[in-house]
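Biologist: Could you take a close look at one part of this model for me? I'd like to hear how the first domain sits against its neighbour, and then a word on the salt bridges elsewhere.

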Amino acid sequence: MNIIEIIEKKKNSKELTKQEIDFFITEYTNGNITDYQAAALIMAIYLNGMTDKEITDLTLAMANSGDILDLSSINGIIVDKHSTGGVGDKVSIILLPLVSSLGVKVAKMSGRGLGFTGGTVDKLESIPGYKTNLTEEEFINNVNEIGISMISQTVNLAPADKKIYALRDSISCVDSIPLISSSIMSKKIASGADKIVLEVTYGRGAFMKNIEDATKLAKQMVRIGELANKETEYVLTEMNQPLGYAIGNSLEIIEAVQFLKGKKMPEDLKNVILEIGSHMIKLAGISDDLEKNKEAMLDNIANGKAYQKFLQMVQKQGGDITYLEDTDKFEKAKFIQEIKSDKDGKVKEIQADIIAKFVCELGAGRTKKEDNIDMSVGVILNKKVGDTVKKGDLLATVYSNSILLKDINQLLGIVY
Ligand code: URA
């Protein structure tokens with residue numbers, strides 16, 4: 001078997017065998033296939049697609065390219081969640097302590113941000129002292145002791161996916177249903193959860209631009225989940241404007257704390273959290289009634305149990321909870337600039353991709369893996385789509401550590 005024959009086959013839209021897919025994954029991960037050959041095969045897959053069988057074989061080969069986490073020593077059903085990505089997405093930080101406070105076992109490994117996407121791990125690390133690099137043993141012990149742990153992905157989780165994902169990013173092959181579904185599900189399988197809830201996003205801030213493609217992607221991942229014996233459900237979420245009001249690492253932690261304390265719950269963020277959470281509670285075997293599950297979640301915000309669970313998790317992982325008790329303690333960016341409206345109108349769009357790129361340029365994100373990120377910079381919106389705007393109204397506040405351009409309105413992507 002050789003890689004040229006495999007590329008040739010896919011170039012001609014033929015189905016690859018399990019052996020051919022395993023060969024590609026093993027040899028590419030070990031450095032025996034060059035990046036240009038892998039790029040040719042990935043592009044052929046991008047253009048010609050894959051059958052269900054090929055997608056499942058690719059997923060399992062990538063999952064098996066590294067360690068498969070064994071979570072069997074955790075008592076109870078482990079339900080994982082995964083989102084295909086969003087802007088201002090602090091869902092996991094709020095949702096997971098919330099469902100944990102209702103008895104769902106949460107053993108969550110999250111990623112760092114790359115490109116204009118923010119990562120849950122980076123956001124959690126903006127809490128001084130919070131450790132995201134626990135050992136496997138500490139991770140499992142924490143889940144057994146307090147019901148929740150949120151850490152970064154271990155180095156050896158689906159290494160083939162890491163390599164292929166970086167390659168796809170550099171050859172414009174990210175937005176492919178077979179490639180996204182196998183990438184996500186390989187990591188879910190390797191990270192050892194029993195059941196999975198997927199949030200598939202669509203719109204200008206997401207990989208899938210419309211609901212039809214998002215549905216196809218969701219159904220593909222559910223099929224892979226079934227074949228891998230992991231019950232999988234999905235919810236679809238529109239991602240045209242950022243979720244909530246805050247975009248930026250510590251700014252999002254502050255918004256998450258306000259949400260968990262029940263002080264400020266932006267409607268769009270609340271809907272996504274209740275929707276995903278109600279499915280997680282169902283898959284955990286606690287209750288099948290999705291509406292009741294949503295009520296229970298709101299109750300645990302109102303009675304403070306969700307916030308207490310968050311504090312407990314942060315403390316257990318070394319974080320300084322005085323920052324959560326008093327969010328004014330978070331370091332502020334040097335320049336805080338209010339953006340005011342120069343006309344009357346109604347907000348038509350807040351372009352999630354535009355604002356995300358702007359926040360990334362402020363230093364909140366990375367364009368290369370090695371980049372350091374600035375925890376304090378970002379944007380807090382003051383308006384959402386549909387809001388009326390009067391001349392002189394505050395549209396957004398920009399937090400920056402470099403002098404800002406005068407005319408930044410268009411960089412924010414607010415259209416009204
Ligand atoms: N998230 C992933 O983990 N992989 C993809 O391919 C796209 C989004």
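Modeller: Here is the domain contact, followed by a few charged pairs.

A quick note on the ground rules: this is a predicted model, with local features needing pLDDT of at least 70, side-chain atom pairs counting only at pLDDT 80 or more, and totals for chains, interfaces and linings using all residues. Residues are numbered from 1 along each chain as its sequence is written, and side-chain values use heavy atoms, with hydrogens and water left out.

The domain assignment (automatic or from a database) gives domain 1 as 3-49, domain 2 as 79-325 and domain 3 as 331-415. Going by C-alpha atoms, the centres of domain 1 and domain 2 are 31 Å apart. Each of the two puts 13 residues into the contact, meaning heavy atoms within 4.5 Å. Together they bury about 1,100 Å², 81% of it on carbon and sulfur atoms; that's the accessible area (1.4 Å probe) lost when the two parts are put together, summed over both. On the domain 1 side, Y28, I42 and Y46 lose the most area, together 53% of what that side buries.

As for polar links, there are zero salt bridges between domain 1 and domain 2 (a side-chain nitrogen of Lys or Arg within 4 Å of a carboxyl oxygen of Asp or Glu). Two residue pairs are in polar contact, both at pLDDT 80 or more (N or O atoms within 3.5 Å, one able to donate a hydrogen and the other to accept it; residues adjacent in sequence count only if both atoms are side-chain atoms). Helices α2 (18-29) and α3 (35-48) each supply at least two residues of the domain 1 side (helices are DSSP runs of H or I, at least four residues; strands are runs of E, at least two; both numbered from the N terminus). The largest share, seven residues, comes from α3.

Across the whole structure there are 23 salt bridges. One of them joins D80 to K108, with the closest N and O atoms 3.3 Å apart. That pair spans 28 residues, from strand β1 (residues 79-83) to strand β2 (residues 106-110). D80 also meets K188 at 3.0 Å, N to O. K188 is in helix α9 (residues 177-190), so this bridge ties together parts that are 108 residues apart in sequence. D80, K108 and K188 thus make up a network of salt bridges. D80 and K108 are both buried, and K188 is buried too, with a relative accessible area of 3% (buried means under 20%, exposed over 50%, partly exposed in between, 1.4 Å probe, protein chains only).
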